[in-house]
Every structure is written in C-alpha cells, then in structure tokens.
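Q: I'm new to this structure, so please pick one part and look at it closely. Then show me how the rest fits around it.

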Amino acid sequence: MDSVHNTGRGIFSDGDSVVSNEPRRIAWFSCGAASAVATKLSVPDVIAYCEVGSEHEDNKRFMVDCEKWFGNLPITMLKSEKYSSTWEVWEDKKYIAGINGAPCTMELKVLPRLAFQHPTDIHVFGYTADARDMKRAENMVEHYPEMICEFPLIERGITKAGCLQMIENAGIVPPLVYALGFPNANCIPCCKATSPNYWAMIRQHFPNEFDRMAKLSRNVGKDGARLTRLNGERAFIDEIPEDHPITDAIAPECDFLCGLAEQEMAELENDHERDAEKKH
Ligand code: SF4
C-alpha cells in the first residue's frame, strides 16, 4: 500500500497533486471479491481504495494478498481530510443514517474520490453480472454521464459467486466476514443495513460494535436512530429479540452511488411531506 507512486504516465498521489494530465485508468478496489477481480482484469494506472477505518481487520490482510496478486502496482489509499472512521463521522455529525442518507459514504468515499479524480480519468468498477449489480452500473452511467466507466465483470458475464471462486482459485482467502455469513466486506457495522437478521448477526459476531452502535443510535438527534425494522415498524437495534435468526443477513453494497440513491430517497420523502402539507 502506498500513497504516492509513479505509473510511467506520471506521478500520482492522494489529493490533487498530479504531474501528468494523461488519462488514468483507475481501478476502484474496495476489499471485496468483485472489485479485486475487476482490478486484476483491467490494466490500471492507479488502484485506489477509500479508507473508511471501520472494516474488519482481516480486510487489510486481503488487501495485502491482492496487492501481490495485482503485480507491482501499490494501492493508493484515499482518506478523508477530516475523519478517520465511520464512528467519527456519525459521532461528529450526530447522524447515522436515515432519510438524509449516510454521511459516512459521503465523507469517506465520495468526497475523497472527487478530490482525487480528473475529468479525463477512466474508472473501473467491480459491478458483477448479477441483475442488481447490472442495474447499479446502469445507474452509475446515467447519473454520472461525465465519468468514463468500465465494467470488466459485466463485459465478461462474471457473477459475484464467480468472483469469489476466482479469488479462491488464485490461492487468496476471501475476507473473513464472507465466511461468517456476511454478504459483503463492508464496515462493521454498516449503518445502512436495515435487516434485523444482519444486526442479529453483528450482535453475535461483533458484540462490542453492536453495543457501541446500540448506544449511539439511542442518543443521536432528538429521537435517536431506528436503524432496523421489526414487523414492518422502524425499531432500535437493541429491540431485536435475542433469539432472532441470523440467516439471510442483508447489507447494502457501499459505493459512490449510495449517496446518490439516498439523495433521491430524501428528495422523494421531502416531496411526500410537501404534498401532505399542501393537503392540510
Ligand atoms: S459500508 Fe456502510 S458504514 Fe461503511 S461507509 Fe458504506 S454506508 Fe457507511
């Protein structure tokens, strides 16, 4: 891992201190299996990773293994200038997730990307050939028409399961959280997950993080943050019964689109509120 490197096309570093204006092919690596395979399949000038400071520690081991697999190109670590973890963002903003989105995505992923990218860059994303991922890739193209994007997994028809298999075939052990049953290698915990099964699984495997989030979510804002749903109603995560099932834990993917989707969601909710006010 490195923060400054010479790719042969110029010297790139964190922030905006670039020497060359030649197009760079940037592979966005996220410590997940899919982004690893997409990075391997592309021939990037830069492999970029947004440091969120809250992923499982085994993700770093996976990153080191992948870096060797990728070849000689070190991974460029992009960081927020202000925050070093999701917890810092949530505690400082006194906001975790809700109709105004998740501030961690914006602060730790979107803003560092915007500071780093140039209009001429080619962006390589690890969206897979699974239906939901293909839709996200479409949304990416639609909502960021100015970005030049490549989707090597979709082009080759490679699914998420295929990526995990390819990683294992390369002799690399996927991030530990997959073996625990989590659907992706996101932060522990991911604030955007609303599935009670997900939170019950977090409580089982990561009780300290669960307790920290349970306390924080009770204390933020005026009414706290009800991060999950029980019987169709929003609920605090510490209201999930101790014997709640942990199978089929659902957690959203976290990418640069998260903020966008949330922004749309917030706008929709605001529209509904405005319509409701007009009727009264
Ligand atoms: S994975 Fe979840 S907690 Fe981590 S930055 Fe993305 S939205 Fe926030």
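**Helix packing and its surroundings**

A: In this predicted model, the axes of α1 and helix α7 (residues 160–169) come within 8 Å of each other and cross at roughly 70 degrees. Those are the two things to ask for, since packed helices are described by the angle between their axes and the distance between the axes. With that angle, α1 and α7 are therefore roughly perpendicular to each other, and their crossing is left-handed. So which residues touch? On the α1 side you'll find Ala-33, Ala-34, Ala-36 and Val-37, while α7 brings Lys-160, Cys-163, Leu-164, Met-166 and Ile-167. Sort this contact by class and you get eight nonpolar residues, no polar ones and one charged.

Now step back from α1 along the chain. The loop between β3 and α1 (33–41) holds Cys-31, and Cys-31 has a positive phi of about 70 degrees although it isn't a glycine. That's worth a second look, as most residues other than glycine have a negative phi.

On the other side of that loop is β3, and β3 takes us into the sheet. The sheet is open, with five strands in the order β5-β4-β3-β6-β7 and parallel pairing. β5 (75–78) and β7 (148–150) stand at the edges with a single partner strand each, so one side of each has no neighbour in the sheet. On average, neighbouring strands here are turned by 30 degrees against each other, direction ignored.

You can walk across part of this sheet residue by residue. Start at Ala-27: its bridge partner in β4 is Ile-47, and β3 and β4 pair in the parallel sense over three bridges. In β6, Ala-27 stands opposite Val-124; strand β3 (residues 25–28) and β6 also pair in the parallel sense, over three bridges. From Val-124, the next stop is its bridge partner Glu-150 in β7. Strand β6 (residues 122–124) and β7 are again parallel, with three bridges.

Lying across β4 (46–50) and β5 is α4, which runs at about 145 degrees to β4. This helix has a packing partner too. Helix α3 (residues 86–93) and helix α4 (residues 103–116) pack at an angle of about 130 degrees, with their axes 9 Å apart. The two are therefore oblique to each other, and α3 passes α4 in a right-handed crossing. Here Thr-86, Val-89, Trp-90 and Lys-93 of α3 meet Pro-103, Cys-104, Glu-107 and Leu-108 of α4. By class, that contact has five nonpolar residues, one polar and two charged.

Keep an eye on Cys-104, one of the closest residues to the ligand, along with Asn-186, Cys-187, Cys-190 and Cys-254. In total, 13 residues surround the ligand, and α4 supplies the largest share of that shell, three residues. Taken by class, the shell has nine nonpolar, three polar and one charged residues.

One last oddity before you go exploring: a cis peptide bond joins Ile-188 and Pro-189, with omega at about -5 degrees. Pro-189 sits in the loop between α8 (176–180) and α9 (196–205). Most peptide bonds are trans, so this spot is a good one to find on screen.

Conventions. Residues are numbered from 1 along each chain as its sequence is written. This is a predicted model: local features need pLDDT of at least 70, side-chain atom pairs count only at pLDDT 80 or more; totals for chains, interfaces and linings use all residues. Axes are lines fitted to C-alpha atoms, for helices over the stretch in contact, and angles run from 0 to 180 degrees between N-to-C directions. Helices (H or I, at least four residues) and strands (E, at least two) are DSSP runs, numbered from the N terminus. Angles under 35 degrees count as roughly parallel, over 145 as roughly antiparallel, 65 to 115 as roughly perpendicular and the rest as oblique. A crossing is left-handed if the near helix is turned anticlockwise from the far one by less than a right angle, and right-handed if clockwise. Two residues are in contact if their C-beta atoms, placed from the backbone, lie within 7 Å. Ala, Val, Leu, Ile, Met, Phe, Trp, Tyr, Cys and Pro count as nonpolar, Asp, Glu, Lys and Arg as charged, and the others, Gly among them, as polar. A residue is near a molecule or strand if its C-beta atom, placed from the backbone, lies within 6 Å of it. Two strands pair if DSSP finds at least two bridges between them.
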